[in-house]
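Colleague: I've got a model open and I'd like to learn how to read it. Can you walk me through it, one feature at a time?

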Amino acid sequence: MEKTNQLERTEKLVVCVTGASGFVASWLINLLLSSGYSVHATVRTDPCDSKYEHLKQLDKASEKLKLFKAYLLDYDSVAAAIKGCIGVFHVASPVPSASVSDPEASALSRFSYNLVQLMEPAVKGTLNVLKASSEEKVKRVVYVSSVAAVLMNPDWQTDQVKDENCWSDIEFCKRTNNWYCASKTEAENEAFEYSKRSGLNVVSVCPTLVLGPMMQSNANASSLVLIKLLKEGYESTENKLRMIVDVRDLTAALLMVFEKPEAEGRYICSSHQIRVKELVDKLTSIYPHYNYPKTLIEVADGDSVSSEKLQKLGWSYRPLEETLVDSVESYKKLGLLGWRYSIGM
Ligand SMILES: NC(=O)c1ccc[n+]([C@@H]2O[C@H](COP(=O)([O-])OP(=O)(O)OC[C@H]3O[C@@H](n4cnc5c(N)ncnc54)[C@H](OP(=O)(O)O)[C@@H]3O)[C@@H](O)[C@H]2O)c1
């Protein structure tokens, strides 16, 4: 850590990570432990649950990792995890796989579902984390946002690359039933508003689709995008532009914005832009025998974002091929691609 970010190496470097069981948080905890930090990590069920075994197996976990059972909507449980920390990485948030709406449910119950399942934990949960961080006088909170909080802006000029100045329009997200986008936008916005009011130092990172090897055993939403592309054998799928970042590069960015004193505001975190067809071609050249989509439907050009601000801070990323191969190999090991694909591919 550069001069341990002038957060002084002499201090006891304890940080809190919320949502420890998840894809991104697991890799972040791994990086923090290997960088010398002690970690208070929040989980939602009994810390003895086998779901957290991969965390307990990490190098230095036995001395430096402590799991706290905490609910984002229960302030006291969040505050207990943040107590004694100099920094907080707020990673936890509901991440639905596709649409969270039950198509059979009435519009009203879909609305309530979205509010309770997505908006409340994301927005009120974030405010609880920020309040507890202020009480503890932590030096910085890193909020993991998403490009979902950047892209949904119908007023942005179409020929302009979307950068950190572009915010999703919350009302537009809700009107178009993009509740995940609404939840991330409102939570990130509230985080910066809270920072202005309280003086708490908040920095956010907005990643695109996060891929890479999985440490946890249940596939998260973004890994499922690649898993399904490999094994579903769709009759057709859209030839969309995908913006991808490796989970290990993302966690390096999270640590970098925490440690660099000059980091401020939001940072878009994206490495590669690639059409689905090109992605399938790349995968096929390495793994020819998976059940790829049969037809690709051409669609209009999608959004494009820039990570220039993060790169200026010193961030760099690995080649896409490395991310793809490491992802596929991890899915194979976890048995997520089915028995037909588990041998020799
Ligand atoms: N993966 C991506 O492509 C991507 C892209 C952009 C941004 N992000 C952001 O990155 C963060 C981590 O995502 P991920 O991909 O690692 O997702 P993930 O694997 O699904 O992890 C989400 C974590 O949040 C916790 N969580 C979910 N709902 C919660 C609730 N109501 N209260 C408390 N905790 C809750 C989960 O706990 P349980 O295990 O108990 O459910 C889990 O630990 C999220 O904030 C997400 O918005 C991800």
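Modeller: Sure, and keep in mind that this is a predicted model. Let's start with a single residue: setting aside neighbours within four places in sequence, Val17 is in contact with Ala25, Leu28, Ile29, Val39, Ala41, Phe89 and Val91.

Colleague: Which residues of the largest nonpolar core touch the most other members?

Modeller: The general idea is that in soluble globular proteins, nonpolar side chains tend to be buried together. Here the largest nonpolar core has 98 residues, and Val15, Val17, Ala253 and Leu254 touch the most other members. Helix H10, residues 247-259, contributes the most to this core, with nine residues.

Colleague: And the sheet: in what order do the strands run?

Modeller: Strands of a sheet pair through backbone hydrogen bonds, either parallel or antiparallel. In this case seven strands make an open sheet, ordered E3-E2-E1-E4-E5-E6-E10, with parallel pairing. E3 (65-69) and E10 (265-269) are the edge strands, each pairing on one side only. On average, neighbouring strands are turned by 20° against each other, direction ignored.

Colleague: What packs on the sheet around E6?

Modeller: Helix H8 (179-198) does, touching E5 (140-144) and E6, and its direction makes about 165° with that of E6. E6 itself (202-207) pairs with E10 over five bridges, and Ser204 stands opposite Arg266 in E10.

Colleague: Last one: which residues come nearest to the ligand?

Modeller: Of the 23 around the ligand, they are Gly19, Gly22, Pro121, Asn220 and Ser222. The shell divides into 13 nonpolar, eight polar and two charged residues. Helix H1 gives the most to that shell, with three residues.

Definitions and conventions:
Residues numbered from 1 in each chain as written. Predicted model: local features only at pLDDT ≥ 70, side-chain atom pairs only at ≥ 80, totals over all residues. Core = buried A, V, L, I, M, F, W, Y, C linked by C-beta atoms within 7 Å. Buried ≥ 20, exposed ≤ 12 C-beta atoms within 10 Å, placed from the backbone. Helix = DSSP H or I, 4+ residues; strand = E, 2+ residues; numbered from the N terminus. Contact = placed C-beta atoms within 7 Å. Near = placed C-beta within 6 Å. Nonpolar A, V, L, I, M, F, W, Y, C, P; charged D, E, K, R; others polar. Pairing = 2+ DSSP bridges. Axes fitted to C-alpha atoms, helices over the stretch in contact; angles between N-to-C directions.
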